Amino acid sequence: MTTAFAATAPQLGLYPVVDSVSWIERLLAAGVRTIQLRIKDLPDRDAEDAVREAIALGRHYHARLFINDYWRLAIAHQAYGVHLGQEDLEVADLQAIQQAGLRLGISTHDDAERERAVALRPSYIALGHIFPTQTKQMPSAPQGVVRLQQHLPHLQGIPAVAIGGISLARVPEVLATGVGSVAVVSAITQAADWRAATADLLRLVGSGTPIAQA
Ligand SMILES: Cc1ncc(COP(=O)(O)OP(=O)(O)O)c(N)n1
Ligand SMILES: Cc1ncsc1CCOP(=O)(O)O
Ligand SMILES: [Mg+2]
């Protein structure tokens, strides 16, 4: 399919990826405006309450709330967007996601995956993992910031999101590549003080283009 997915903001800013509605609620209250609910390995019926509540919170805070993997539930409850990996693309109904007006983010790990993603005209393309990560088992090696920067001119204007092993200390070299969105898990959820970590990350990365302009 070649029809573009609905656009998102050119700069998504700080993009926490979290596994519960409580994290969604506290991070939206702390000023985050792009966020993902990433629940793994539950049947749809067991994930549905969390997906519905997360979407409602996203609307309440005028935030960009992406649902990872559960694309049917995201359509049913009219999420702002869906995030899918390369394997997810094999099984998801992309036409249904596009026709429902949901934004689509796609994971990529190398040039071939990037090209496949660009051809689908998604709302953003995630590039990872940039640094070693403990959060997800990755079959490939970290790409590093040099590769990250090399990907950017090939995205044909599709917004880029950097993910994987990005700590507060590493944010400046990630931003120096020109990427406008930084996705993090452990930099927030494993921080000794998540409020301070989130405030520091928001100061460096920002919260993205205001949603009215997204
Ligand atoms: C912003 C962002 N980038 C990458 C991923 C990873 O998605 P995927 O490859 O489908 O792996 P899982 O997250 O489903 O384990 C992501 N979730 N978000
Ligand atoms: C979900 C995901 N996809 C690629 S890396 C990653 C995990 C990122 O977590 P962290 O920010 O803790 O390295
Ligand atoms: Mg996935």
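## Report on a predicted barrel model

Gln 78 is exposed, because its relative accessible area is 57% and the cut-off for exposed is over 50%. This residue sits in the loop between H3 and strand S4 (81-84), and its phi is near 55 degrees, a positive value in a residue other than glycine. The model described here is a predicted one, and the sections below move from the barrel to its strands, its metal site and its nonpolar cores.

**The barrel and its strands**

The strands form a closed barrel of 8, in the order S1-S2-S3-S4-S5-S6-S7-S8, and their pairing is parallel. From one strand to the next the twist averages 25 degrees. In general, strands of a sheet pair through backbone hydrogen bonds, either parallel or antiparallel. Two of the pairings in this barrel are set out in the table, each with a pair of residues that stand opposite one another.

| Strands | Sense | Bridges | Opposite residues |
|---|---|---|---|
| S2 (residues 34-37) and S3 | parallel | 4 bridges | Gln 36 and Phe 66 |
| S6 (residues 124-127) and S7 (residues 160-163) | parallel | 3 bridges | Ala 126 and Val 161 |

Strand S3 is mostly covered, with 5 of its 5 residues buried. The cover extends to both faces of S3, since Arg 64, Phe 66 and Asn 68 are buried on one side, while Leu 65 and Ile 67 are buried on the other. Elsewhere in the barrel, helix H6 (residues 111-119) lies across strand S5 (103-108) and S6, and the direction of H6 is at about 165 degrees to that of S5.

**The magnesium site**

Which residues coordinate the magnesium ion (ligand 3)? The ion is held by OD atoms of Asp 69 and Asp 88, at 2.1 to 2.3 Å. These two residues link distant parts of the chain and are 19 residues apart, with Asp 69 in the loop between strand S3 (64-68) and helix H3 (71-76), and Asp 88 in helix H4 (residues 86-91). Asp 88 counts as partly exposed because its relative accessibility is 21%, where buried would require a value under 20%. Asp 69, for its part, has a positive phi of about 75 degrees although it is not a glycine.

A further backbone feature belongs to the loop between S6 and helix H7 (144-151), where His 129 is placed. The peptide bond leading from Gly 128 to His 129 is cis, and its omega is near -15 degrees.

**The nonpolar cores**

In soluble globular proteins, nonpolar side chains tend to be buried together. The largest nonpolar core in this model has 60 residues, of which Ile 24, Ile 67, Leu 84, Leu 94, Ile 97, Ile 166 and Val 174 touch the most other members. Helix H2 (residues 44-60) supplies the largest share of this core, namely 6 residues. A second core, separate from the largest one, consists of 10 residues, including Ala 9, Tyr 80, Val 161 and Ala 183. Ile 67, one of the buried residues of S3, thus appears again in the largest core, and Val 161, which stands opposite Ala 126, appears again in the second.

**The annotated region**

An unreviewed UniProt entry places the feature "domain: Thiamine phosphate synthase/TenI" at residues 19-188. Over residues 19-188 the chain of the model is 41% helix and 18% strand, and the C-alpha atoms at the ends of this stretch are 12 Å apart.

How values were computed. Residues are numbered from 1 along each chain as its sequence is written. Chains are lettered from A and ligands numbered from 1 in the order in which they are written. This is a predicted model: local features need pLDDT of at least 70, side-chain atom pairs count only at pLDDT 80 or more; totals for chains, interfaces and linings use all residues. Side-chain values use heavy atoms; hydrogens and water are left out. Two strands pair if DSSP finds at least two bridges between them. Axes are lines fitted to C-alpha atoms, for helices over the stretch in contact, and angles run from 0 to 180 degrees between N-to-C directions. Contact means heavy atoms within 4.5 Å. A nonpolar core is a set of buried Ala, Val, Leu, Ile, Met, Phe, Trp, Tyr and Cys residues joined through side-chain atoms within 4.5 Å. Buried means under 20% relative accessible area, exposed over 50%, partly exposed in between (1.4 Å probe, protein chains only). UniProt positions are given in the numbering used here, feature names are shortened, and annotations may be inferred rather than shown by experiment. Donors are N, O and S atoms within 2.8 Å of the metal (3.2 Å for Na, K and Ca); water is not among the atoms, so sites may look incomplete.
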